[in-house]
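Q: I would be grateful for a close look at a single part of this structure. Please choose one strand and describe its surroundings in connected form.

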Amino acid sequence: MRLEALAVALPEVAGHPNRVPFEGVLTLVDEASNRPPSGARGHRVILTRAAAIAALPSLLGMAVDYAPGWDGHDARRKCGIITQADVEGNRLEVSGYLFGKDFPEVEARLRDGEVDTMGMSYELADAHVADMNATVWSLTRATFTGAAILLREKAAYKGTSFRLGAKRCRTMGLAATARQERKPAERPGRILRHNHRQTEIGKEAQWR
Amino acid sequence: MEIEANNIFDKLNAAVTLLERTVASLEQREALTSGDVQRIVAAVEHGAEVSQREVELERKLAAAEDQIAELRAQAAKISASPRKTLPAATTQLLAKGGITSLESIEAGALDAALAGLSLEQRIAVKAQLIRAGTLA
């Protein structure tokens with residue numbers, strides 16, 4: 001299994017009232033979307049693994065938003081932030097925080113809604129398509145500018161998912177917990193210096 | 001002199017307009033073929049394209065359902081009223097044996113009617129009667 005990881009370390013704040021951890025599958029790489037995304041002129045798209053990995057740094061610190069009908073994006077309703085992104089297998093997994101105190105209705109909807117009905121959707125800018133005449137567009141370069149939480153049935157990729165973690169988190173969310181379950185030798189060095197924004201590129205060879 | 005100057009000015013003006021159109025067209029073509037897309041959002045688009053497709057799919061589904069219903073009705077009709085026609089030679093043969101109606105053939109009467117035929121011929125006639133649905 002190949003895994004590429006990138007994270008932004010935030011200072012640890014125990015019981016932060018506005019940080020609700022989430023994790024989700026933002027999209028699938030090297031796999032055609034089930035339906036044509038908006039802006040793709042009716043073409044289904046494939047985000048190549050190389051393009052996704054190259055674009056991971058642009059994803060960190062980007063917001064997650066939601067639309068009132070949970071059916072699309074609304075860049076003016078930013079209700080959380082992405083702090084970590086991994087490409088694991090063909091899944092681009094993200095984790096971060098939802099601003100639970102600022103958006104209690106969003107948290108309530110996500111906690112009380114039906115299980116496994118929510119998904120995610122990326123927003124890309126400056127995407128490069130290998131062949132505009134191809135039936136399925138292959139995206140070889142892109143910049144992530146945000147993401148949305150929405151009903152899975154409204155996402156262009158059926159394989160996306162979204163779920164909230166524990167009520168309040170302390171640090172890097174669910175993904176951080178998962179990382180610590182790995183043997184130290186198997187994971188990249190931890191980001192220890194608090195109050196300094198850092199990024200860390202996972203070493204591919206160590207993450208197999 | 002002034003008229004000539006005006007003519008030249010008009011021609012130059014027309015040429016500039018044409019050049020501007022050509023440049024705009026080239027820019028548009030480049031944008032279409034260069035492969036760069038400003039924004040892609042991985043959510044399903046709400047719009048005429050989708051609803052038109054849905055309408056088309058619904059129309060196809062309705063047509064398919066009608067066809068299935070028609071075929072089912074035909075199949076039911078066939079199974080309810082099996083074919084009762086026989087080759088003319090067989091009908092004549094049975095008539096000679098006293099069997100004129102195919103609705104109810106008694107086994108004894110049939111055997112008597114076919115008594116003059118060879119075994120193979122009797123089997124062939126009975127097979128025809130079975131195919132016609134007269135014999136079970």
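A: The account below follows one strand of chain A, its partners, the helices of the chain and the contact with chain B.

The model is a predicted one. Chain A has an average pLDDT of 82, and 78% of its residues score at least 70. Among the elements of chain A, the highest mean pLDDT, 97, belongs to strand S5 (residues 63–66), and the lowest, 42, to helix H3 (residues 173–181).

The strand chosen is S9 of chain A, which spans residues 136–151. Strand S8(A), residues 118–129, is joined to S9(A) by 10 bridges, and the two run antiparallel. They form a hairpin, with six residues between the two strands. Within this pairing, Ser121(A) is found opposite Ala148(A) of S9(A).

S9(A) also has parallel partners. With S5(A) it pairs in the parallel sense over three bridges, and here Asp65(A) stands opposite Ala148(A). Ala148(A) of S9(A) thus faces Ser121(A) and Asp65(A). Strand S4(A), residues 44–47, pairs with S9(A) in the parallel sense as well, over four bridges. In that pairing Ile46(A) lies opposite Ser138(A) of S9(A).

The strand is also part of the nonpolar interior. The largest nonpolar core has 58 residues, and those with the most contacts inside it are Leu139(A) and Ala147(A). S9(A) gives the most to this core, with eight residues. In general, nonpolar side chains tend to be buried together in soluble globular proteins. Beyond its neighbours within four places in sequence, Leu139(A) is in contact with Val45(A), Ile46(A), Leu47(A), Thr48(A), Ala51(A), Ala127(A), His128(A) and Val129(A).

One of these contacts, Ala51(A), leads to helix H1(A), residues 49–59, whose buried residues are Ala51(A), Ala52(A), Ala55(A), Leu56(A) and Leu59(A). Seen down the axis of H1(A), these buried residues fall within an arc of 155°, so they line one face of the helix. After H1(A) comes Gly61(A), with a positive phi near 85°.

The hairpin partner S8(A) is also among the elements that cover the buried residues of helix H2(A), together with S5(A) and others. The buried residues of H2(A), residues 104–112, are Val106(A), Glu107(A) and Leu110(A). Seen down the axis of H2(A), they fall within an arc of 100° and therefore line one face of the helix. The face turned away from this buried side carries the exposed residues Pro104(A), Glu105(A), Ala108(A) and Asp112(A).

S9(A) has a part in the contact between the chains, to which chain A gives 28 residues and chain B 14 residues. Strands S3(A), S8(A) and S9(A) each supply at least two residues of the side of chain A that touches chain B. S8(A) gives the most to that side, with nine residues. By class, the side has 15 nonpolar, nine polar and four charged residues. S3(A) is joined by two bridges to strand S1 of chain B (residues 36–44), and these strands run antiparallel. There Ser38(A) stands opposite Val41(B) of S1(B).

A caution concerns another region of chain A, residues 169–208, over which pLDDT stays under 50. The model has 62 contacts beyond four places in sequence for these residues. Where pLDDT is low, the predicted coordinates should not be read in detail.

Methods:
Residues are numbered from 1 along each chain as its sequence is written. Chains are lettered from A and ligands numbered from 1 in the order in which they are written. This is a predicted model: local features need pLDDT of at least 70, side-chain atom pairs count only at pLDDT 80 or more; totals for chains, interfaces and linings use all residues. Two residues are in contact if their C-beta atoms, placed from the backbone, lie within 7 Å. Ala, Val, Leu, Ile, Met, Phe, Trp, Tyr, Cys and Pro count as nonpolar, Asp, Glu, Lys and Arg as charged, and the others, Gly among them, as polar. Two strands pair if DSSP finds at least two bridges between them. pLDDT is the predictor's confidence in each residue, from 0 to 100. A residue is buried if 20 or more other C-beta atoms lie within 10 Å of its own, exposed if 12 or fewer, and partly exposed in between; C-beta atoms are placed from the backbone. The arc is that of the directions from the helix axis to the C-beta atoms. A nonpolar core is a set of buried Ala, Val, Leu, Ile, Met, Phe, Trp, Tyr and Cys residues joined through C-beta atoms within 7 Å.
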